[in-house]
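Hi,

Here is the structure I promised to pass on. Have a look at it first, and then read my notes below.

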Amino acid sequence: MNRRYFVAGSLAVGALGLLTNCTSGRKSLRVAFQKGIGTIMYLKDTGILERKIEPLGWSVEWKEFAAGPQMLEAMNLGAVDFGPVGETPPIFAQAAGAEILYAGCEPPSPRSEAIIVPKGSSIQSIADLKGKRVAFVKGSNVHYLILRALQTSGLSFGDIVPVYMTPADAGTAFERGAIDAWGTWDPYLSAAELNIGARAIADGTGLAPNIMFYMAAKPLAEHDPLVLKAALAAVSEAGRWVSGNRKAFAGILAAQIGVSKEIAERAVERGEFGAGAITAETLQKEQEIADLFYDLKLVPKQVDVRAAAWSAEPA
């Protein structure tokens, strides 16, 4: 994600957005989601969240985004209050001064992201990516996976040709051979494997935990913590159902995002679901990711992840 996403006036715009939401009497929790496999997809169509916050006088608006960086841009601009992203987007956003907080997280899902190559590719390992065109969303969770995979294979980021693309554009480029490899996540990962025979040369196992964080706009957390608590409780409830009803969820997901049940089942099988409290260990792992991006000069300043961790209890 380029720093241009967080222009100098964005904090003022964000404050104005919150003011409009509150003073208009709308009392609407604006929830972001991406078409994927996370708990949020089940939550979206069940009414669980609506029932949790309706007694507090709030309703829900759902807003779709292509990826985490765009979602956090909107959150910083005051257009979104709550939503899930992977590990890396919050680091870029925090480095750019975004008013966001880590509010909760799902368990690690390292198998739900991977670096894939086309069927029949001569690339057999990460080491073979030297000089190759590798597509991914800049500032996304797979950005970190690619860095770690290169690092453990004796390569640097400068050894590949990064191609920054949205998942939709990367999928098209991958199919027509315009890129050599693609860093992606489910359900795009499962779709590429099952539909066109894509082959993973590395997933997140042993490299990147792939933790989904539930981020909150700082004004929401400060002014309406009960609403934020209710949202996290709703995600937790939905996650328990999904974890115990994976096949049923796969059927729901297939219809929601327009993929086959086989693709949805594969994606759901390797994911983990629900919302839990953010632990010191989780923050330490996130700090390690932030430090790597800073050391490689991919973010403009050092980030203290703990400074953006929300505490449900008053200080």
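Let's start with a small puzzle: does Asn210 count as buried or exposed? At 9% relative accessibility, Asn210 counts as buried, where buried means under 20% relative accessible area, exposed over 50% and partly exposed in between, using a 1.4 Å probe and protein chains only. Asn210 sits in the loop between β9 (199-203) and β10, and its phi is positive, about 60°, although it is not a glycine.

Before you go further, some ground rules. This is a predicted model, in which local features need pLDDT of at least 70, side-chain atom pairs count only at pLDDT 80 or more, and totals for chains, interfaces and linings use all residues. Residues are numbered from 1 along each chain as its sequence is written, and side-chain values use heavy atoms, with hydrogens and water left out.

How sure is the predictor? pLDDT is its confidence in each residue, from 0 to 100. The average for this protein is 89, and 90% of the residues score at least 70. Residues 1-24 are another matter: their pLDDT is below 50. Even so, that stretch has 39 contacts in the model beyond near neighbours in sequence, a contact being heavy atoms within 4.5 Å.

Now find Met75, in helix α4 (residues 68-76). Helices (H or I, at least four residues) and strands (E, at least two) are DSSP runs, numbered from the N terminus. Met75 counts as buried because its relative accessibility is 2%. Setting aside neighbours within four places in sequence, Met75 touches several residues, including Phe82, Ile100 and Met215.

Met75 also belongs to the largest nonpolar core, which has 54 residues. Such a core is a set of buried Ala, Val, Leu, Ile, Met, Phe, Trp, Tyr and Cys residues joined through side-chain atoms within 4.5 Å. Leu72, Met75, Ile115, Ile126, Leu129 and Met215 touch the most other members. Helix α6 (residues 141-152) contributes the most to this core, with seven residues. There is also a second, separate core of 40 residues, and Ala103 and Ala221 are among its members.

Next, helix α5 (residues 88-95), where eight of the eight residues are buried. They pack against α4, β3 (82-85), β4 (100-105), α6, β10 (213-217) and α13 (280-295). After α5 comes Gly97, with a positive phi near 90°.

For a helix pair, try α8 (residues 188-196) and α12 (residues 261-269), which pack at an angle of about 135° with their axes 9 Å apart. Axes here are lines fitted to C-alpha atoms, for helices over the stretch in contact, and angles run from 0 to 180 degrees between N-to-C directions. The two helices are therefore oblique to each other: under 35 degrees counts as roughly parallel, over 145 as roughly antiparallel, 65 to 115 as roughly perpendicular and the rest as oblique. Among the residues that meet there are Ser190 and Leu194 in α8, and Ile263 and Arg266 in α12.

Two backbone oddities to finish. Asp186 and Pro187 are joined by a cis peptide bond, with omega about 10°, and Pro187 is in the loop between β8 (181-185) and α8. Lys297, in the segment after α13, has a positive phi near 60° without being a glycine. At 72% relative accessibility, Lys297 counts as exposed.

Cheers

Key
pLDDT = per-residue confidence, 0-100.
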